[in-house]
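Visitor: I'd like to learn how to read this model feature by feature. Please take me through it, starting with a single charged side chain.

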Amino acid sequence: MKMIKSAVLGTLMVPAFMFAAGSASAQESTVGMEATYLTNQPANTFYADSLTGNNVKSSVEDDENIGTINDLIIDEDGQINAVIVGVGGFLGMGEKDVAIEWDSLELTKDEDGDDYVIRVNASQDALEEADEYERN
């Protein structure tokens, strides 16, 4: 009787083991390729904090500060679609967010070459009159 139990148990264990092995290999194939790593910043790239918190200047109003970048909208491919700019208000009160498409911005370096200067071809009034961006 003990031999029959071992044979039955062994027969049941083989499919269970095969299922577990099949599940493990299925998980491995869905993970994709192995991660790659950087040791320094690639050329022609910048950090998100190079933009967030920076002023946006108006190219039509003699580089007047017209808002502050609060956030970025990034697509699934990692491309920046738009920046969220806080405009109007005073000391954070009454400010509203406006989304400006990335292609509408001009990024240049300051005289020192350290920081970005961000400009848009719009006035303070135009941004304040623009529809408010509502985050989902």
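Guide: Keep in mind that this is a predicted model. Start with Arg119: its relative accessible area is 19%. The cut-off for buried is under 20%, so Arg119 counts as buried.

Visitor: Which residue does Arg119 form a salt bridge with?

Guide: Its partner is Asp63, and the closest N and O atoms of the two are 2.8 Å apart. Then see where the two ends sit: Arg119 is in strand E6, while Asp63 lies in the loop between strand E1 (55-58) and E2, so the bridge ties together distant parts of the chain, 56 residues apart. Asp63 has a relative accessible area of 31%, which makes it partly exposed.

Visitor: How many salt bridges does the structure hold?

Guide: There are 2. Besides the Arg119 pair, Asp71 and Arg135 meet through their side chains at 2.7 Å, N to O. This one also links distant parts of the chain, with Asp71 in strand E2 and Arg135 in the segment after helix H2 (124-129), 64 residues apart. For accessibility, Asp71 comes in at 25%, so it is partly exposed. Arg135, at 66%, is exposed.

Visitor: Now strands. How do I read the two faces of one?

Guide: The general idea is that side chains in a regular strand alternate between the two faces of the sheet. Now try E1: Val56 and Ser58 make up its covered face, and Asn55 and Lys57 its uncovered one.

Visitor: Does that help with strand pairing too? Specifically, do E1 and E2 run parallel or antiparallel?

Guide: Antiparallel, with 4 bridges joining them. In register, Val56 stands opposite Gly67 in E2. The hairpin these strands form has 5 residues between them, and there Asp62 takes a positive phi near 50°.

Visitor: What about E1 and E6: parallel or antiparallel?

Guide: Parallel this time, joined by 3 bridges. Look at Lys57, which stands opposite Arg119 in E6. That's the Arg119 we began with, the one bridged to Asp63.

Visitor: Let's go inside. Which residues have the most contacts within the largest nonpolar core?

Guide: Val56, Ile69, Val83, Val85, Ile100 and Val120, in a core of 16 residues. At least two core residues come from each of strand E2 (64-74), strand E3 (80-87), strand E4 (96-101) and strand E6 (116-120). The biggest contributor is E3, with 4 residues. Val56, a member of this core, is also on the covered face of E1.

Visitor: Pick one core residue for me. What is Ile69 in contact with, apart from its neighbours within four places in sequence?

Guide: It touches Leu51, Thr52, Gly53, Asn54 and Val56. From further along the chain come Val83, Ile84, Val85 and Ile118.

Visitor: And when I zoom out, what order do the elements run in from the N terminus?

Guide: The order is α-β-β-β-β-β-β-α, that is, 2 helices and 6 strands. Of the 136 residues, 19% count as buried. The accessible surface is about 10500 Å², and carbon and sulfur atoms account for 52% of it. On contacts, take those between residues at least 6 apart in sequence: 39% of them join residues at least 24 apart.

Definitions and conventions
Residues are numbered from 1 along each chain as its sequence is written. This is a predicted model: local features need pLDDT of at least 70, side-chain atom pairs count only at pLDDT 80 or more; totals for chains, interfaces and linings use all residues. Side-chain values use heavy atoms; hydrogens and water are left out. A nonpolar core is a set of buried Ala, Val, Leu, Ile, Met, Phe, Trp, Tyr and Cys residues joined through side-chain atoms within 4.5 Å. Buried means under 20% relative accessible area, exposed over 50%, partly exposed in between (1.4 Å probe, protein chains only). Contact means heavy atoms within 4.5 Å. Accessible areas come from the Shrake-Rupley method with a 1.4 Å probe; for residues, only the protein chains shown count as cover. A salt bridge is a side-chain nitrogen of Lys or Arg within 4 Å of a carboxyl oxygen of Asp or Glu. Two strands pair if DSSP finds at least two bridges between them.
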